[in-house]
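Open the model in your viewer and keep the sequence panel beside it. The stops below run from the whole chain down to single side chains.

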Amino acid sequence: MPQVQARPVRIAAYDFRGTDEDDRWNLASTEPIETDWSAVTARCLAYLCLQHSDVQDKGLFERATFLMNLGLPRSDAAALLGSTDESLRVTLRGKPAKKARSKKQDK
């Protein structure tokens, strides 16, 4: 039996990156498609962790950081949060780190 390489499952619908033009709409393909169920399970667990954490009631920045710290790529975290990858990239970039104020700045 030939070994079939599993395709990663994406949360976003119609993700055709890495496929040929003919493979996109060939619904009658005889090639079996295997699903990487460990990736599906990881995304489900990350979603459940988010729902049962205290981060759930916080802003988009905190929730996205939480999901990405669990190991989700930014694009998958954005899809779970109902946002886009580009929007989440700008949001994460826009939060500067708080600087400690020196005594000279207070005067």
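**Colour by confidence**

This is a predicted model. Its mean pLDDT is 76, and 58% of the residues score at least 70. Select helix α1, residues 21-24: confidence is lowest there, at a mean of 54. Now select helix α3, residues 60-69, where the mean is highest, at 92. Where pLDDT is low, the predicted coordinates should not be read in detail.

**Switch to cartoon**

How many helices and strands are there in the protein? There are six helices and zero strands. Along the sequence the pattern reads α-α-α-α-α-α.

Next, consider burial. Of the 107 residues, 14% count as buried. The accessible surface comes to about 8,900 Å². Carbon and sulfur atoms account for 53% of that surface. Then look at how the chain meets itself. Among contacts between residues at least 6 apart in sequence, 53% join residues at least 24 apart.

**Select D76 and R43**

The structure holds three salt bridges. Begin with the side chains of D76 and R43, which meet with N and O 2.8 Å apart. D76 lies in helix α4 (residues 74-80) and R43 in helix α2, so this pair links distant parts of the chain, 33 residues apart. Are these two residues buried or exposed? Both D76 and R43 are buried.

**Select L72**

Stay with R43 and add L72. L72 is found in the loop between α3 and α4. The C-alpha atoms of L72 and R43 are 7.2 Å apart in space, with their positions 29 residues apart in sequence. L72 has a relative accessibility of 8%, so it counts as buried.

What is L72 in contact with, leaving aside its neighbours within four places in sequence? Show these side chains:

- A42, R43 and A46
- L67
- A77 and L80

R43 thus appears twice on this tour: in contact with L72, and in the salt bridge with D76.

**Select D85 and R74**

Here is another salt bridge. The closest N and O atoms of D85 and R74 are 2.7 Å apart. This pair also links distant parts of the chain: D85 belongs to helix α5 (residues 85-93), R74 to helix α4, and they are eleven residues apart. D85 is partly exposed, at a relative accessible area of 30%. R74 is partly exposed too, at 31%.

**Select R89 and E86**

Remain in helix α5. The side chains of R89 and E86 meet in a salt bridge, 2.4 Å from N to O. What separates R89 and E86 along helix α5? They are three residues apart, so about one helical turn lies between them. R89 has a relative accessible area of 31% and is partly exposed. E86, at 48%, also counts as partly exposed; the cut-off for exposed is over 50%.

**Select S87 and S75**

S87 sits in helix α5 as well. With a relative accessibility of 32%, S87 counts as partly exposed. Measure from S87 to S75, C-alpha to C-alpha: the model gives 9.9 Å. In sequence S87 and S75 are twelve residues apart.

**Select L45, Y47 and L48**

Turn on the surface. L45, Y47 and L48 form a nonpolar patch there. Together they offer about 280 Å² of accessible area. Y47 is placed in helix α2, residues 37-51. Why can Y47 be part of a surface patch? Its relative accessible area is 37%, and patch residues need over 30%. That value makes Y47 partly exposed.

**Select C44 and C49**

End on the cysteines. C44 is partly exposed, at 43% relative accessibility. C49 is partly exposed as well, at 38%. A disulfide is a covalent bond between the sulfur atoms of two cysteines. How many disulfides does the count give? The count comes to zero.

Key:
Residues numbered from 1 in each chain as written. Predicted model: local features only at pLDDT ≥ 70, side-chain atom pairs only at ≥ 80, totals over all residues. Heavy atoms only, no water. Patch = residues over 30% accessible without salt bridge, like charges linked within 9 Å, V, L, I, M, F, W, Y side chains within 5 Å. Areas by Shrake-Rupley, 256 points an atom, 1.4 Å probe, with all protein chains shown as cover. Salt bridge = Lys/Arg side-chain N within 4 Å of Asp/Glu carboxyl O. Helix = DSSP H or I, 4+ residues; strand = E, 2+ residues; numbered from the N terminus. Buried < 20%, exposed > 50% of the residue type's maximum accessible area, 1.4 Å probe, protein only. Contact = heavy atoms within 4.5 Å. pLDDT = per-residue confidence, 0-100. Disulfide = S-S within 2.5 Å.
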